[in-house]
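The exercises below ask you to work through a protein chain by inspection, and each is followed by a solution that goes step by step. Please keep the sequence and the coordinates open while you read.

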Amino acid sequence: MGILNYFEYMALAESEHKRLLEAYPELKALSKRELEVFAQLLTDKTQAQIANELFITHSSVHFHCKNIYKKLKINSRRQLLIKYKDIE
């Protein structure tokens, strides 16, 4: 497979986003930035590493995490990892 051009990449990203929202409709409640933080929370990165990766402060990551947990009706990153363990 060759290198994807911009439009192929965007089409692939859009279809993956749609598939993800069909499987987990509650993710529709998250803002774009919350989705970015959510994706990073599924990795083994610390909140400080997530902040550096997304060019935001550690307190912003913490703020987004609290909002994500509230919207997804969970209380911790551990619960998030258990609930969404099938997301790659």
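A residue counts as buried when its relative accessible area is under 20%, as exposed when that area is over 50%, and as partly exposed in between. With this cut-off, Glu36, at 28% relative accessibility, counts as partly exposed. The model is a predicted one, which should be kept in mind throughout.

**Exercise 1. Describe the chain as a whole: how many helices and strands does the secondary structure hold, and what are the spans of the C-alpha trace along its principal axes?**

Step 1. Assigning the secondary structure gives five helices and zero strands, and reading along the sequence gives the pattern α-α-α-α-α.

Step 2. Along the principal axes, the C-alpha trace spans about 40 × 30 × 20 Å.

Step 3. The chain has 88 residues, of which 27% count as buried, and it exposes about 6500 Å², with carbon and sulfur atoms supplying 58% of that area.

Step 4. Taking the contacts with a separation of 6 or more, 55% are accounted for by residues 24 or more positions apart.

**Exercise 2. Determine how the axes of helix α2 and helix α4 cross, and list the residues that make the contact.**

Step 1. Two packed helices are described by the angle between their axes and by the distance between the axes.

Step 2. For helix α2 (residues 32-41) and helix α4 (residues 58-71), the axes come within 10 Å and cross at roughly 90°. Angles of 65 to 115 degrees count as roughly perpendicular, and α2 and α4 are therefore roughly perpendicular to each other.

Step 3. On the α2 side the contact is made by Arg33, Glu34, Val37, Phe38 and Leu41, and on the α4 side by Val61, His64, Cys65, Asn67, Ile68, Tyr69 and Lys71. Sorted by class, the contact has seven nonpolar, two polar and three charged residues.

Step 4. His64, which is found in helix α4, counts as buried at 14% relative accessibility. Leaving aside neighbours within four places in sequence, His64 is in contact with Arg33, Glu34, Val37 and Ile56.

**Exercise 3. Find which residue forms a salt bridge with Glu34, then examine further salt bridges of the structure.**

Step 1. Side chains of opposite charge can pair when their charged atoms come close. The structure holds four salt bridges, and three of them are treated here, beginning with the pair that contains Glu34.

Step 2. Glu34 forms a salt bridge with Lys71, the closest N and O atoms being 2.8 Å apart. Because Lys71 lies in helix α4 and Glu34 in helix α2, the pair ties together parts that are 37 residues apart in sequence. Glu34 counts as buried at 4% relative accessibility, whereas Lys71 is partly exposed, with a relative accessible area of 33%.

Step 3. Arg33 and Glu36 also meet through their side chains in a salt bridge, at 2.8 Å from N to O. The two are three residues apart in helix α2, so about one helical turn separates Arg33 and Glu36. Arg33 is partly exposed, with a relative accessible area of 31%, and Glu36 is likewise partly exposed, at 28%.

Step 4. A further salt bridge joins the side chains of Lys45 and Glu53, with an N to O distance of 3.5 Å. Lys45 counts as partly exposed at 22% relative accessibility, and Glu53 counts as partly exposed at 44%.

**Exercise 4. Locate Leu81 and work out which residues Leu81 is in contact with, leaving aside its neighbours within four places in sequence.**

Step 1. Leu81 has its place in helix α5 (residues 77-83) and counts as partly exposed, at 34% relative accessibility.

Step 2. With the neighbours within four places in sequence left aside, Leu81 is in contact with Leu41 and Leu42.

Step 3. Leu81 and Leu41 are 40 residues apart along the chain, and their C-alpha atoms are separated by 7.9 Å.

**Exercise 5. Examine the phi values of Phe55 and Lys73, and state where each residue lies.**

Step 1. Phe55 is not a glycine, although its phi is positive, at about 60°. The place of Phe55 is in the loop between α3 (47-54) and α4, and Phe55 is exposed, with a relative accessible area of 76%.

Step 2. Lys73, also a residue other than glycine, has a positive phi near 60°. Lys73 lies in the loop between α4 and α5 and counts as exposed at 75% relative accessibility.

Terms used: Residues numbered from 1 in each chain as written. Predicted model: local features only at pLDDT ≥ 70, side-chain atom pairs only at ≥ 80, totals over all residues. Heavy atoms only, no water. Buried < 20%, exposed > 50% of the residue type's maximum accessible area, 1.4 Å probe, protein only. Contact = heavy atoms within 4.5 Å. Axes fitted to C-alpha atoms, helices over the stretch in contact; angles between N-to-C directions. Parallel < 35°, antiparallel > 145°, perpendicular 65-115°, else oblique. Nonpolar A, V, L, I, M, F, W, Y, C, P; charged D, E, K, R; others polar. Areas by Shrake-Rupley, 256 points an atom, 1.4 Å probe, with all protein chains shown as cover.
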